[in-house]
Amino acid sequence: MNRVYHEIEPVYDQDSKILILGSFPSVKSRENHFFYGHPQNRFWKVLENLYDVHFTDIESKKKFLHENHIALWDVIESCEIEGSSDSSIKNIKLNDIKRIIDESAIEKVFVNGRKAQQYYDKYILDKTKMPCIPLPSTSPANAAYTLEKLIMQWKQIKE
């Protein structure tokens, strides 16, 4: 396995109030240079439904995130990974999540899936002192969750 690096900049500003963290970008996301780039990932569909919006491109997604005070990044900076499989991740190096919290107004941290929660709780919680709120993964690999079930669970980001 080769070492793969996270080359997508975090989306946040000083007014960001919630932080959503994934584990590591998929192959498609890395190719597209933006988060949740695989067409089968339901992340953007969940947000479209929750906020009654429609995204046309990366710029519209960034604008939405800033307008709604949502920061977006991933827990892992680099790792060894096979394709996009979270279960294959080894030898991780973490992103500096505390930097976002220090440079913004983050009140809550949400994690997209179990792997992000596992790494956050194990390596990052001690630095941030902010427990994360786990949400079910929007990945197509999480077939147990329909779009409707995801929307029901993810609506807590608006509370």
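**Exercise 1. A serine in a loop**

Which backbone nitrogen lies 3.1 Å from a polar atom of the side chain of Ser26?

Before the solution, note that this is a predicted model, in which local features need pLDDT of at least 70, side-chain atom pairs count only at pLDDT 80 or more, and totals for chains, interfaces and linings use all residues. Residues are numbered from 1 along each chain as its sequence is written, and side-chain values use heavy atoms, with hydrogens and water left out.

*Solution.* Step one is to locate Ser26, which sits in the loop between β2 and α1 (27-32); helices (H or I, at least four residues) and strands (E, at least two) are DSSP runs, numbered from the N terminus. Step two is its accessibility: Ser26 has a relative accessible area of 17% and is buried, where buried means under 20% relative accessible area, exposed over 50%, and partly exposed in between (1.4 Å probe, protein chains only). Step three gives the partner, because the nitrogen in question belongs to the backbone of Ser29, and a polar contact is a pair of N or O atoms within 3.5 Å; within protein, one must be able to donate a hydrogen and the other to accept it, and residues adjacent in sequence count only if both atoms are side-chain atoms. Step four adds the surroundings: not counting residues up to four places away in sequence, Ser26 touches His38 and Ser84, contact meaning heavy atoms within 4.5 Å.

**Exercise 2. A second serine**

Find the backbone oxygen that the side chain of Ser104 reaches, and describe the setting of Ser104.

*Solution.* Begin with the position, which is the loop between α4 and β6, and then note that Ser104 counts as buried at 15% relative accessibility. The side chain of Ser104 reaches the backbone oxygen of Ile100 at 2.5 Å. Leaving aside neighbours within four places in sequence, the residues in contact with Ser104 are Tyr12, Asp13, Gln14 and Ser16.

**Exercise 3. A bent helix**

At which residue does helix α5 bend, and by about how many degrees?

*Solution.* Helix α5 covers residues 114-128, and its bend of about 50 degrees is at Asp121, the bend being the angle between axes fitted to the seven residues ending there and the seven starting there. Next, look for the buried residues of α5, which are Lys115, Ala116, Tyr119, Tyr120, Ile124 and Thr128. A general rule helps in reading such a list: an α-helix has 3.6 residues a turn, so residues three or four places apart point the same way. What covers the buried residues of α5 includes the strands β2 (18-22), β4 (76-80), β5 (90-94), β6 (108-112) and β7 (132-135), together with helix α4 (97-102). Finally, follow the chain just past α5, where Lys129 takes a positive phi of about 60 degrees.

**Exercise 4. Two cysteines**

Why is there no disulfide between Cys79 and Cys132?

*Solution.* Recall that a disulfide is a covalent bond between the sulfur atoms of two cysteines; here it is assigned to a pair of cysteine sulfur atoms within 2.5 Å. The structure holds zero disulfides, and for Cys79 the reason is distance, because the closest cysteine sulfur, in Cys132, is 18 Å away, too far for a bond. Both residues are nevertheless buried, Cys79 with a relative accessible area of 0% and Cys132 with 11%.

**Exercise 5. Aromatic rings**

Describe the ring pairs in which Phe43 takes part with Tyr36 and with Trp154.

*Solution.* Rings of Phe, Tyr and Trp (its six-membered ring) pair if their centres lie within 6.5 Å; planes under 30 degrees apart count as stacked, over 60 as edge-to-face and the rest as tilted. The structure holds nine aromatic pairs. Tyr36 and Phe43 are stacked, at 4.1 Å centre to centre with 20 degrees between the planes, whereas Phe43 and Trp154 are edge-to-face, at 5.7 Å and 85 degrees. Phe43 lies in helix α2 (residues 43-51) and Trp154 in helix α6 (residues 147-154), so this pair ties together parts that are 111 residues apart in sequence. Phe43 counts as buried at 0% relative accessibility, and Trp154 likewise at 0%. Ring pairs also link Phe34, Phe35, Tyr36, Phe43, Trp44, Tyr51, Phe55, Phe64 and Trp154 into a cluster.
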